[in-house]
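Morning, everyone. I have a few short items on one structure today. Let's put it on the screen.

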Amino acid sequence: MERSGSGGSRALFPKGPSFTIDDFSSKDFIVRDFIDGLAESAVSSNRRSGPAQQPFDPKPLIRTFENALQGLGNLSEELQEKESDLLSQARRAEVQHDQTLDTLGSKLDQSIDQFEALDLTLNNPNGNERGSRGEAGGNIAVQIGERLEELDRKRRRALDANFLLQCWFQVSETGELTSLQDIQRQGGSENKVRCAVIAHQLMRISQRLDPASWGHTNGFRNGITNGDTQVERRHNTREILEKFCETLEQDLLKQFNNSYRKQNFDDMRECAKVLHDFNGGASVIAVFVNQHQFFIDRDQLITDEVAMDGETWDQLADPDSEPPGVEPTLQSLVDEVKIIMQEESFIIKRAFPYYETVLIKFIQRVFQQSIQQRLEMVLEKANTISSLAFLRSLHASRSYIGALVEDLKSHGLTEHPEPCSSQISQTLDQQMEELFVPYIVGNSYIEREKKSLEELFNSLLFKYNIYHSRRKKAPTGFMASLAQQTNQLMASAKDAYLERLDSSDLTATQKAMMLRVAGVQENDNNKNEIEVSEAEGVLSTTNAKRMLTWLAESVRRTLELGSQSDTPKDVAILLNLLLTNMGRVYVETALEAALEKATSQEYVKTEPDLSYLPSIRPAVTIGSMMNRFINTVLIRLAESNTTVRRSMEAQAKMGIESIEKKAGSIMKSTLDVIINWVSKSLAQQKKLDFLPKDDLSILESLQTPPCDSICKFLSKGTRLISQAIDGTNLEVFSSELALAIQRLLFEHFKKFKVNATGGLMVTKDITKYADTLKEWPLSKDVEAAVELLTEIGYLFIIGPEALRERSRNLATGSGSGSAARGKLSKADFKAFVQSREDARTVGVQSVLSSL
């Protein structure tokens, strides 16, 4: 039983431990540890079998190792086969992968080529050169974007059309605009713009589909209106829509004003944008401009009087005073406008998207209302003072407002700090021009200037004209006909002055100015009968300078106020005025008076009065001043118009030549007067003056009476002539006069018998004559001819031998020609020697026979 009990649990061959593949595949598997473990387990089991020591039996272990070795070999073969299989599969997969990549690459290249060809076809339908790929892609993107935008617009239009129809049905059927009012209540710029646009569209629909509310029919055909089968509607769509538009506009304007007070420029800009889309922005521009504080304050001040005092107005009307400048209230307004424009342009640019339009309206309002009204008040007041005050005020105002315009342009306004845009600059220039057009249009301005200058010239020359009109004139003759035209101009100027003084529209200030310039008292009842002195009929360079100063001021105003294209014509008018008043009425009148006096004394019996000669000097000076002013100023200003310039040059040349000719005629007539008087005085020489019977008479008298009177007359004439002319003119005149007198003396001394004592008298007379003539500025030839006079005296006192010596130096030509060359001719020598009392003596006769 023990055997059976114990033997049932023990096998014949002990069984070794069993292992799985997991034991060998573990990360902790070590071969040495594994063998040691097997050996340890085998020894332990043997030791437990009993105390007796049995020999080690390696068979179980050998079988186990053999089985394990066989299993490992099988596993190794199986693993080798699987590894070979996997390597084959991997090689096949790699080959297939490479083939797939090549196929996909070729397909990708083909797709890219097809895309580029398609893109090229779309972007270059005309076969142009292919652009870069980026540009082509960009063009397609742009086209796609444009297409999408177009589709979006169409969608929006469809939605807007649907909403528009919905609103129309509401207003036409129910008389309400609920949908539109809902959008309005939402607020926001876009919603307000949309309300405004839809309201305008509804108005147009109402005009077409509801003509009855507009008071007219719209294309009835067979009793049916275009586009609507209902002839009569229950609600007046026009009134409803107009009421809604008015409400919308008023709300926007109210919001704009509130934002303006709060300086909320962004909200102002939104409101302005909505109102611009609503009605073109006219209402918001009008509100902004009309309610501006500047216009409100200026409207209250528009009734203020012009601020100049009486002294300033008198200075403005005084032609000899400098203009005081622009009127103070106008100056203050212009200065304020400059500040307001610069400040408001900043606000306008921030508050309005269409800021240039608003700025233009603001500029127009400032110029057309504020500046124009004040300018009109100033000029009306100036016109009640005098015509010159009006012209000066007009010029000063134009200059000051012109400076404002230039300052605004340079500031830039909405374009600050850059200059103004061309549109704003054009608007400023246009407003500036429109301010002054009523005063300078056509010939109105230059006629005012001409009238003012004529009044001044007539006032200044009034007494001068009266004096010469009363001057005794030759009743007949050439000179009377020559001066007739000048006399008519002088009389016309005098009558014009008197007529202007008596004019009812002449202001008190201007009348006082005209009387002051003319030197006439107010209490003189008959101005035509006033007393005038001789000094008031004499030319004055001071008066000429005053006239030129007045004219220069007028020219300056004409240049700045008149049109540039009209400048040549305007200065031609002023030139004619100058030549008429200063040239003909003033200078030529004095020259004609002097010429008339000179010609009337050519054959007088008493000593001629040469007191008229000093009037030539101021006449020549004034003519020179006038000529320089004409050439330097007036003609240069007419260079842009060749025809006018040539006409002015010819006119000026004629006027100056007329003065020069008259002055030349006076000097020629004076030469005749002096020669005739000298000749007449020489005729008073007595036959016995050079045949004295005793020497006492010679000692008592230095010269004979004719010689003394002639030399005194010539000395007096020399002083007057030097006051008339100078320089080369004086030398030429003196030389001609001296030569003529020398010839007279030559002939004079040939007529008298001279004894030895009388020869001393001849020598004294001739020395006196020569000394008198040598005081004049003479040319060298004439000096030699005058010096020859002294030779005549010696011919009467020297002896025969001295005569013979002098006869050797005689000239061979004619008498006058030889005398002019400073040598005595044989004929003159013989004539003088034959006048000696001892001419028949042997010694003298031998000298004469030797000739």
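Start with helix H17, residues 444–460. This is a predicted model, so everything here is computed from its atoms. H17 has 17 residues, and at 1.5 Å a residue they should span 24 Å. The end C-alpha atoms are 25 Å apart, which agrees.

Which residues of H17 are buried? Near the start of the list come Tyr-445, Ile-446 and Glu-449. Then Ser-452 and Leu-453. Then an unbroken run of numbers: Glu-455, Leu-456, Phe-457, Asn-458, Ser-459 and Leu-460. Note that Glu-449 and Glu-455 are both among the buried residues.

Next, a helix pair. Two packed helices are described by the angle between their axes and the distance between the axes. Take H24, residues 616–637, and H25, residues 642–682. Their axes come within 11 Å and cross at roughly 170°. That makes H24 roughly antiparallel to H25, because an angle over 145 degrees counts as such.

Who meets whom? On the H24 side, the residues are Ile-616, Ala-619, Gly-623, Met-626, Asn-627, Ile-630, Leu-634 and Ile-635. On the H25 side, they include Arg-645, Met-648, Glu-649, Ala-652 and Ile-656. By class, this contact has 13 nonpolar, two polar and two charged residues.

Last item: cysteines. How many disulfides does a search of the whole structure find? Zero. Take Cys-167, which is in no disulfide. The nearest cysteine sulfur belongs to Cys-195, 8.6 Å away. The cut-off for a disulfide is 2.5 Å.

And is Cys-167 buried or exposed? Buried, with a relative accessible area of 0%. Cys-245 counts as buried too, at 11% relative accessibility.

How values were computed. Residues numbered from 1 in each chain as written. Predicted model: local features only at pLDDT ≥ 70, side-chain atom pairs only at ≥ 80, totals over all residues. Heavy atoms only, no water. Axes fitted to C-alpha atoms, helices over the stretch in contact; angles between N-to-C directions. Helix = DSSP H or I, 4+ residues; strand = E, 2+ residues; numbered from the N terminus. Parallel < 35°, antiparallel > 145°, perpendicular 65-115°, else oblique. Contact = heavy atoms within 4.5 Å. Nonpolar A, V, L, I, M, F, W, Y, C, P; charged D, E, K, R; others polar. Buried < 20%, exposed > 50% of the residue type's maximum accessible area, 1.4 Å probe, protein only. Expected span 1.5 Å × (residues − 1).
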